[in-house]
Amino acid sequence: MPASPSTARAINDRLALRLLQQEGPLTAGQLKQLTGLSRPTVADLVERLTAAGLISVVGESGEQRRGPNARLYGIVADRAHLAALDVRTEGVSVVVSDLLGAELARASVPIADDTGTGPAVEQAVTLVERAAKEAGAERLHTVGIGAPGLIDPATGELRDSSGLPEWHRRLVAALQERLPARVLVENETNLAALAEQRDGAARDRDTFVLLWLGHGTGAAVILDGRLRRGASGGTGEIGFLPVPGTSTLPSATDCEGGFHSLAGAAAVAGLAARHGVAAEPVPHEPHAAALVRQAVATPDAPDSSRFLDALADRLAIGAASVIAVLDPGCVVLGGEVGRAGGDVLAARVERRLVRMSPLPTEVRASALGGGAVLRGALLTARDGAQDELFAPPSR
């Protein structure tokens with residue numbers, strides 16, 4: 001059935017807004033060319049979007065003639081302000097942006113292990129409020145949060161976990177109380193994968209697996225362009241994967257003995273020590289990342305080479321298990337350790353997978369590293385805000 005006039009207008013408006021977001025300011029003539037719509041239809045949608053406060057004249061094109069046809073229209077970026085949070089066990093980082101994702105403020109605060117739940121929550125919320133004020137945002141429209149742990153797919157909330165501090169769960173509720181904003185929560189590894197798909201190492205892939213290598217281990221699965229969370233939100237809890245080479249088996253409450261025991265930051269640091277690799281620690285990242293970075297920087301040193309080979313052996317065990325089930329065709333080594341290993345570590349893992357699996361798989365290094373979670377949270381907040389603001393008015 002043909003679309004009703006109101007539905008057709010809504011489709012045309014969304015198309016024009018997406019083009020203005022992707023291509024930047026455009027003239028009415030350029031919108032006509034890119035959309036294939038008639039000149040009167042484009043004129044109508046420009047008038048509607050301007051009246052709604054979503055677009056405005058931001059300049060003139062470089063064409064010789066002047067007048068209405070030369071006006072450049074762009075999305076009103078300050079129509080909404082967004083925030084993204086990366087919540088870790090040791091602290092919180094926040095970025096505030098406009099509706100188009102341009103960064104306006106950035107801040108972080110460490111939170112000590114012995115900090116009480118109430119003070120920890122207050123530190124984090126105050127950080128967000130201070131960053132918003134610095135960005136000149138009177139209010140935040142949408143807040144995207146990346147956190148470790150499982151997200152309940154039915155409620156969108158963090159599930160109880162004995163391995164995470166209580167302030168993580170309390171933070172979401174506190175932000176909803178203190179800020180007149182929509183709050184979206186997602187697992188940190190899933191957000192990293194979304195960021196790599198949009199802006200990073202997997203831009204040309206609609207199916208891949210991100211293997212997160214940081215303080216802990218995790219995986220995110222993108223199949224046919226969609227993030228897969230699983231029935232309980234636990235897709236990618238690869239730290240619990242039983243693997244050879246450990247002294248015990250993981251349990252329902254502890255991933256010790258699983259893949260985490262081979263590839264978590266503490267395990268990688270121990271492996272480096274056994275191979276004689278040392279490095280100065282870097283603030284705000286797992287020491288394992290500095291050790292891997294040092295080994296990659298000195299590839300001709302026998303100790304470095306043996307360490308990287310041993311680490312690649314471990315990573316290939318976990319990756320091969322995922323590949324045998326999902327056949328993703330591409331594995332991205334993410335997190336601080338994956339980024340530190342770069343192409344050198346990725347190539348070593350890929351060579352081992354060629355021997356271990358009949359399924360062809362390309363292994364790539366993260367392009368975003370530890371910053372992928374914050375980037376993914378911001379993209380999620382931006383998409384959520386734009387979906388709401390760009391939606392046709394309800395009748």
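**Note on the sheet and its salt bridges**

1. Strands β6 (residues 142-147) and β7 run parallel and are joined by six bridges. Ile145 faces Val185 of β7 across this pairing. Bear in mind that the model is predicted.

2. The wider setting is an open sheet of five strands, ordered β5-β4-β3-β6-β7. Its pairing is mixed. The edges are β5 (103-110) and β7 (182-187), and each of these pairs on one side only. On average, neighbouring strands are turned by 15° against each other, direction ignored.

3. Helix α6 (residues 188-199) packs on this sheet. The helix touches β3 (81-88), β6 and β7. Its direction makes about 95° with that of β7.

4. A salt bridge also links α6 to the sheet. The side chains of Glu188 and Arg88 meet at 3.6 Å, N to O. Glu188 belongs to helix α6 and Arg88 to strand β3, so the pair ties together parts that are 100 residues apart in sequence. Both Glu188 and Arg88 are buried.

5. Arg88 has another partner. Its side chain forms a salt bridge with that of Asp86 (2.9 Å, N to O). Asp86 is buried, as is Arg88. A network of salt bridges links Asp86, Arg88, Glu188 and Glu336.

6. The structure holds 20 salt bridges. One of them pairs Asp13 with Arg48, with the closest N and O atoms 2.8 Å apart. Asp13 sits in helix α1 (residues 5-23) and Arg48 in helix α3 (residues 39-51), so the pair ties together parts 35 residues apart in sequence. Asp13 is buried, at 12% relative accessible area. Arg48 is partly exposed, at 29%.

How values were computed: Residues numbered from 1 in each chain as written. Predicted model: local features only at pLDDT ≥ 70, side-chain atom pairs only at ≥ 80, totals over all residues. Heavy atoms only, no water. Pairing = 2+ DSSP bridges. Helix = DSSP H or I, 4+ residues; strand = E, 2+ residues; numbered from the N terminus. Axes fitted to C-alpha atoms, helices over the stretch in contact; angles between N-to-C directions. Contact = heavy atoms within 4.5 Å. Salt bridge = Lys/Arg side-chain N within 4 Å of Asp/Glu carboxyl O. Buried < 20%, exposed > 50% of the residue type's maximum accessible area, 1.4 Å probe, protein only.
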